[in-house]
Amino acid sequence: MRGKLIVIEGTDGSGKATQTGKLVARLTAEGLNVRKVDYPNYQSQSSALVKMYLNGDFGSQPEDVNAYAASTFYAVDRIASYKKDWEDFYLNGGIVIADRYTTSNMIHQAAKIKDTVEKEKYLEWLWDFEFTKCGLPVPDKVFFLAMPPDISLELMRGRENKAGNGKDIHEQNSEYLAHCFTNACEVAEKFGWHKVNCAFDRQIKSIEDIHEELYQIAIKVIGRV
Ligand SMILES: Nc1ncnc2c1ncn2[C@@H]1O[C@H](COP(=O)(O)OP(=O)(O)OP(=O)(O)O)[C@@H](O)[C@H]1O
Ligand SMILES: Cc1cn([C@H]2C[C@H](O)[C@@H](COP(=O)(O)O)O2)c(=O)[nH]c1=O
């Protein structure tokens, strides 16, 4: 019996790692069979092209690699991780909580495409490529942590990126972050993601309050209530 896949999404510095860690810890403490995955999988060689892209080896601007090409770098990394680390676990009923997934391509790569018809074509291509052709599981639930870009920039300030080599070409570009946020709000609506409003009037919701909102929905998806 197939398990569940729950994804925690958002733009850079929106609190994904914080919330993924808390949700996994609580569900594990309750005795559920839970595993955490995060993307990019920097620990694996499969992320080599992603690292080169984010390091600026193909150009210093995100748009120097088009949405389709960059998406394939991330997809390859995801497929390697799925096949090696969690396919069996998931197909045998395990609960997987993902910090980023294909949904990050929908946010960060689709943001490069301004024309709405072309963006639509890209989103259809991506769905078919990652889920239908490559066989990655479709998420059971996607949480979108809607943290306004000016606040997430503050949260990220002074913090290194996860690859541990300074700020990457996405993080260096505040204009791109703003485009990604606007695009994420549209995509979240289109695909029926659960949007968590993480701030109101520049007042950030507490880590605990956001966690509680995620937890209450997650246990329904898992079938605990
Ligand atoms: N609701 C919140 N209130 C205050 N601080 C927060 C909140 N959520 C996260 N933070 C802090 O913001 C910083 C960024 O959070 P976190 O690393 O979880 O974000 P992220 O989305 O995983 O980042 P990235 O996209 O760079 O991987 C951390 O220092 C974290 O403790
Ligand atoms: C998984 C994935 C990620 N991205 C983007 C999102 C971020 O800007 C970077 C990864 O940075 P992190 O802070 O180390 O998480 O890459 C993407 O465009 N597509 C993806 O599938």
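A residue counts as near a molecule if one of its heavy atoms lies within 4 Å of it. Keep that cut-off in mind for the first stop.

Some ground rules: this is a predicted model, in which local features need pLDDT of at least 70 and side-chain atom pairs count only at pLDDT 80 or more, while totals for chains, interfaces and linings use all residues. Residues are numbered from 1 along each chain as its sequence is written, chains are lettered from A and ligands numbered from 1 in the order in which they are written, and side-chain values use heavy atoms, with hydrogens and water left out.

**Stop 1: ligand 2**

Select ligand 2 and bring up its surroundings. You should get 17 residues, the closest being Tyr42, Tyr74, Arg100, Asn105 and His170. Which N or O atoms come up against the ligand? Start with asparagine 105, where a side-chain N or O atom is 2.9 Å from a nitrogen atom of ligand 2. Next, click glutamine 109: a polar side-chain atom there lies 2.9 Å from an oxygen atom of the ligand. Then go to histidine 170, whose side chain puts a polar atom 2.7 Å from an oxygen atom of ligand 2. Taken alone, the ligand exposes 480 Å², and the protein buries 99% of that (accessible areas come from the Shrake-Rupley method with a 1.4 Å probe; for residues, only the protein chains shown count as cover).

Now colour by secondary structure. Helices here are DSSP runs of H or I with at least four residues, strands are E runs of at least two, and both are numbered from the N terminus. The elements giving two or more residues to the shell around ligand 2 are α3 (67–91) and α4 (102–109). Of these, α4 supplies the largest share of the shell, with 4 residues.

How do the shell residues divide by type? There are 6 nonpolar, 5 polar and 6 charged. For that tally, Ala, Val, Leu, Ile, Met, Phe, Trp, Tyr, Cys and Pro count as nonpolar, Asp, Glu, Lys and Arg as charged, and the others, Gly among them, as polar.

**Stop 2: salt bridges**

Side chains of opposite charge can pair when their charged atoms come close. A search of the whole structure turns up 14 salt bridges, each being a side-chain nitrogen of Lys or Arg within 4 Å of a carboxyl oxygen of Asp or Glu.

Try lysine 121 and glutamate 118, with their closest N and O atoms 3.1 Å apart. Because they sit 3 residues apart in helix α5 (residues 116–133), about one helical turn separates them. Lysine 121 is partly exposed at 46% relative accessible area, and glutamate 118 is partly exposed at 35% (buried means under 20%, exposed over 50%, partly exposed in between; 1.4 Å probe, protein chains only).

Hop over to aspartate 38 and lysine 36, a salt bridge with the closest N and O atoms 2.9 Å apart. Both ends are partly exposed: aspartate 38 at 25% and lysine 36 at 42%.

Finish with lysine 205 and glutamate 213, which meet in a salt bridge of 3.5 Å, N to O. Elsewhere, salt bridges that share partners join Arg26, Glu30 and Glu212 into one network.

**Stop 3: histidine 211**

Keep Arg26 on screen and add histidine 211, in helix α8 (residues 207–222). Is histidine 211 buried or exposed? Buried, with 4% relative accessibility. Its side chain has a polar contact of 3.0 Å with that of arginine 26. (A polar contact is a pair of N or O atoms within 3.5 Å; within protein, one must be able to donate a hydrogen and the other to accept it, and residues adjacent in sequence count only if both atoms are side-chain atoms.) Leaving aside neighbours within four places in sequence, histidine 211 is in contact (heavy atoms within 4.5 Å) with Gln19, Lys22, Leu23 and Arg26.

**Stop 4: backbone oddities**

Select tyrosine 39 and proline 40: the peptide bond joining them is cis, with omega about -5°. Proline 40 is in the loop between β2 (34–38) and α2 (48–55).

Then jump to the loop between β6 (199–200) and β7 (203–204), where you'll find aspartate 201. Aspartate 201 has a positive phi of about 55° although it is not a glycine, and it is exposed at 69% relative accessibility. Arginine 202, in the loop between β6 and β7, also isn't a glycine, yet has a positive phi of about 65°. Last click: the arginine 202 side chain makes a polar contact of 3.1 Å with that of glutamate 154, a residue of helix α6 (residues 149–156).
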